[in-house]
Amino acid sequence: MFITFEGGEGSGKTTQIQLLKDALEAKGHDVITTREPGGTIEAEKIRELLVQRDGGDWTPTAEAMLFFTARHMHVETKIKPALAAGKIVICDRFTDSTIAYQGYGHGFDLDTLNAIKKVSIGNMEPDKTFILDIDVTEGLTRAGKRMEGDDDGSTEDRFERMKIDFHENLRQGYLTIAKQNPNRCHVIDASATIDDVHLAILSAI
Ligand SMILES: Nc1ncnc2c1ncn2[C@@H]1O[C@H](COP(=O)(O)OP(=O)(O)OP(=O)(O)O)[C@@H](O)[C@H]1O
Ligand SMILES: [Mg+2]
């Protein structure tokens with residue numbers, strides 16, 4: 001099974017992925033977690049170009065193709081082999097992020113994005129996708145709280161620095177994706193406590 005987590009900054013994806021991994025492992029499943037952009041050596045190099053503040057000033061087309069280049073490598077060299085070995089793969093962001101951020105957030109043409117998707121990863125879709133939905137300001141506050149900490153000195157904040165409007169469009173984009181893919185996508189109220197969000201995810205699984 002291939003499970004993805006989606007949602008805006010600070011919605012709780014990374015937190016919930018770890019809890020779901022622990023819960024599935026406790027039931028005896030073999031689970032790997034991974035993330036996008038990145039997940040393989042080559043794709044992590046592309047991640048640096050995309051998410052670092054000084055990673056580059058990409059045109060929308062170049063940016064979309066870089067995301068899907070990284071995703072192609074990730075799918076071919078990590079996700080497909082793990083699924084073939086019977087593992088559950090949980091991925092922090094996947095294609096829906098590109099549709100939501102570049103498409104609904106930045107207004108990049110959705111048909112073009114889907115064409116690039118088709119060339120890059122064919123029909124590869126997650127079996128289940130959890131869309132963690134939260135008020136934009138609340139999510140950004142959570143993300144900001146973490147970034148103010150002196151934990152990892154992360155400068156991966158190129159997207160978080162974008163305007164509130166962008167994040168509102170992004171949120172609505174995710175909800176549209178969920179409506180279009182009702183069997184695959186579960187919208188989860190991410191404003192609840194960490195434990196309650198986890199329980200909602202477990203019951204959907
Ligand atoms: N349900 C929750 N209630 C309150 N705080 C939460 C909740 N879930 C996560 N947090 C806290 O919010 C912050 C962001 O959570 P997390 O890193 O899991 O989000 P994320 O979606 O992975 O963010 P990003 O998109 O930046 O990677 C963390 O400090 C986390 O502990
Ligand atoms: Mg995260």
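In this predicted model, D92 counts as buried, because its relative accessibility is 13% and the cut-off for buried is under 20%. D92 belongs to strand β3. Leaving aside residues up to four places away in sequence, D92 touches F5, K13, T14, I17, T34, R35 and E36. Another residue to compare with D92 is P37: the two are 55 residues apart in sequence, and their C-alpha atoms are 8.8 Å apart in space.

Strand β3 is part of an open sheet of five strands, and the order across the sheet is β2-β3-β1-β4-β5. The pairing in this sheet is parallel. Which strands form the edges? They are β2 (31-35) and β5 (185-189), each of which pairs on one side only. On average, neighbouring strands of the sheet are turned by 20° against each other, with direction ignored. Strands β1 and β4 run parallel and are joined by five bridges. One residue to look at here is T4, whose bridge partner in β4 is T129.

Helices lie across this sheet. Helix α1 (residues 13-26) lies across β1, β2, β3 and β4, and its direction is at about 170° to β3. Helix α3 (residues 60-84) lies across β1, β2 and β3, running at about 165° to β2.

Helix α2 (residues 41-51) shows how a helix can have two sides. Its buried residues are A43, I46, R47, L50 and V51. Why do they line one face of the helix? Seen down the axis of α2, the buried residues fall within an arc of 115°, so they line one face. The general background is that an α-helix has 3.6 residues a turn, so residues three or four places apart point the same way. The buried residues of α2 pack against β2 and α3. On the other side of the helix, I41 and K45 are exposed.

The next topic is the aromatic rings. A pair of aromatic rings is described by the distance of the centres and the angle of the planes. The model has three aromatic pairs. In one of them, the ring centres of F2 and F94 are 5.0 Å apart and the ring planes are at 90°; planes over 60 degrees apart count as edge-to-face, so this pair is edge-to-face. The pair links distant parts of the chain, since F2 is in strand β1 (residues 2-7) and F94 is in the loop between β3 (88-92) and α4 (95-105), 92 residues apart. F2 is buried, with a relative accessible area of 1%, and F94 is buried with a relative accessible area of 1%.

Another pair is formed by F5 and F130. Their ring centres are 5.4 Å apart and their planes are at 40°, so the pair is tilted. This pair also links distant parts of the chain: F5 is in strand β1 and F130 is in strand β4 (residues 128-133), 125 residues apart. F5 counts as buried at 0% relative accessibility, and F130 is buried with a relative accessible area of 0%. F5 is also among the residues that D92 touches.

What sits over the ring of F94? The charged end of R71 does, 5.3 Å from the ring centre. R71 also lies over the face of F68, at 4.8 Å from the centre of that ring.

Note on methods:
Residues numbered from 1 in each chain as written. Chains lettered and ligands numbered in written order. Predicted model: local features only at pLDDT ≥ 70, side-chain atom pairs only at ≥ 80, totals over all residues. Heavy atoms only, no water. Phe/Tyr/Trp six-rings, centres within 6.5 Å; stacked < 30°, edge-to-face > 60°. Helix = DSSP H or I, 4+ residues; strand = E, 2+ residues; numbered from the N terminus. Buried < 20%, exposed > 50% of the residue type's maximum accessible area, 1.4 Å probe, protein only. Lys NZ or Arg CZ within 6 Å of the ring centre and 35° of its normal. Pairing = 2+ DSSP bridges. Axes fitted to C-alpha atoms, helices over the stretch in contact; angles between N-to-C directions. Contact = heavy atoms within 4.5 Å. Arc of directions from axis to C-beta.
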